[in-house]
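This report describes the salt bridges, strands and surface of one protein chain. The sequence and structure are shown below.

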Amino acid sequence: RYAFGSTKKTIECWDLATGHRTSCLENNFVIRVSQKMRFTPDERYLVYGNKKGKLFKWNIDKNCIETEFDGHTGSQATMHFTFTPDSQWLVSTNSDKILQRWNLHTGEKQVLSTKTKFRYLIATPDNKYVLAFTDEDSKTIQKWNLATNLCDMTIDCQLFNPETATISDDGDWLIAYSVVEIGRWNIRTGQEEFLPMVGSVKQAIITNDGSWVLGILSTGKF
């Protein structure tokens with residue numbers, strides 16, 4: 001499935017296998033930033049944010065908004081959120097320095113932190129942790145335990161503004177890239193490694209198992 005917003009204040013959902021539009025939801029605001037619009041891992045819902053920091057859960061099959069998550073201030077442009085792989089929890093943050101999680105089924109909210117500005121979030125494959133990249137001033141990765149709502153580990157991180165990240169299938173390594181470097185961190189020990197680069201990266205993807213990073217360099221080479 002693929003979804004995108006339009007200037008007509010709608011969100012359209014398309015089936016990539018058939019090429020057919022499956023749903024169209026009318027909004028009262030325009031969504032232009034596709035990064036702030038994501039499917040839950042089970043693909044039953046689409047979650048997206050508005051410019052006031054509110055998140056919405058769209059039931060795609062029923063074509064209706066089921067839940068509104070209201071707990072942030074700040075703009076859509078500074079919002080980051082992720083899901084646990086079992087589609088149980090939504091974890092979100094914004095420029096307001098609030099890190100919180102929501103039960104996607106009941107709407108229950110739990111605040112994890114109110115003191116740090118985060119810039120990227122990703123959940124581990126076992127649904128137990130969320131890894132949060134802090135902003136450029138502190139340059140760390142915090143490992144949040146979803147069973148205790150506590151930060152179990154803080155890992156040094158010199159990678160500036162990660163574009164995307166993934167976790168290896170065994171749950172041991174976090175891999176991320178920015179336009180100038182690729183880094184990986186052992187989630188269990190905190191060990192940090194940087195991979196050699198031959199030029200600045202314009203765009204890249206990381207394979208799901210974390211074994212390969214495929215990228216297009218500024219020189220045009222792949």
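K54 is partly exposed, with 22% of its relative area accessible, where buried means under 20% relative accessible area, exposed over 50% and partly exposed in between (1.4 Å probe, protein chains only). The side chain of K54 forms a salt bridge with E68, and the closest N and O atoms lie 3.4 Å apart. The term salt bridge denotes a side-chain nitrogen of Lys or Arg within 4 Å of a carboxyl oxygen of Asp or Glu. E68 belongs to strand β7 (residues 64-69) and K54 to the loop between β5 (45-49) and β6 (55-59), so the pair ties together parts that are 14 residues apart in sequence. Like its partner, E68 is partly exposed, at a relative accessible area of 47%.

The model is predicted: local features require pLDDT of at least 70 and side-chain atom pairs count only at pLDDT 80 or more, while totals for chains, interfaces and linings use all residues. Residues are numbered from 1 along each chain as its sequence is written, and side-chain values use heavy atoms, with hydrogens and water left out.

**Salt bridges**

Side chains of opposite charge can pair when their charged atoms come close. By the rule stated above, the structure contains three salt bridges, listed here with their N to O distances.

| Salt bridge | N to O distance |
|---|---|
| E68 and K54 | 3.4 Å |
| E66 and K57 | 3.7 Å |
| R188 and D172 | 2.3 Å |

In the pair of E66 and K57, E66 is partly exposed at 35% relative accessibility, whereas K57 is buried with a relative accessible area of 2%.

The salt bridge of R188 and D172 has an N to O distance of 2.3 Å. This pair links distant parts of the chain, 16 residues apart: R188 sits in the loop between β18 (182-186) and β19 (192-195), and D172 in the loop between β16 (164-167) and β17 (173-177). R188 counts as exposed, at 53% relative accessibility, and D172 as partly exposed, at 21%.

**Strands and sheet**

The chain has zero helices and 21 strands. Both are DSSP runs numbered from the N terminus, helices being H or I over at least four residues and strands E over at least two.

One open sheet consists of four strands in the order β8-β9-β10-β11, with antiparallel pairing; two strands pair if DSSP finds at least two bridges between them. Strands β8 (80-83) and β11 (109-113) stand at the edges with a single partner strand each, so one side of each is left without a neighbour in the sheet. From one strand to the next, the twist averages 20°, the axes being lines fitted to C-alpha atoms and the angles running from 0 to 180 degrees between N-to-C directions.

Four bridges join β8 to β9 (residues 89-93), and these two strands run antiparallel. F83 has L90 of β9 as its bridge partner.

**Chain totals and cysteines**

Of the 222 residues in the chain, 46% are buried. The accessible surface comes to about 11400 Å², with 48% belonging to carbon and sulfur atoms; areas come from the Shrake-Rupley method with a 1.4 Å probe, and for residues only the protein chains shown count as cover.

Among contacts between residues at least 6 apart in sequence, 35% join residues at least 24 apart, a contact being heavy atoms within 4.5 Å.

The structure holds zero disulfides, defined as pairs of cysteine sulfur atoms within 2.5 Å. C64 is partly exposed, with a relative accessible area of 28%, while C157 is buried at 0% relative accessibility.
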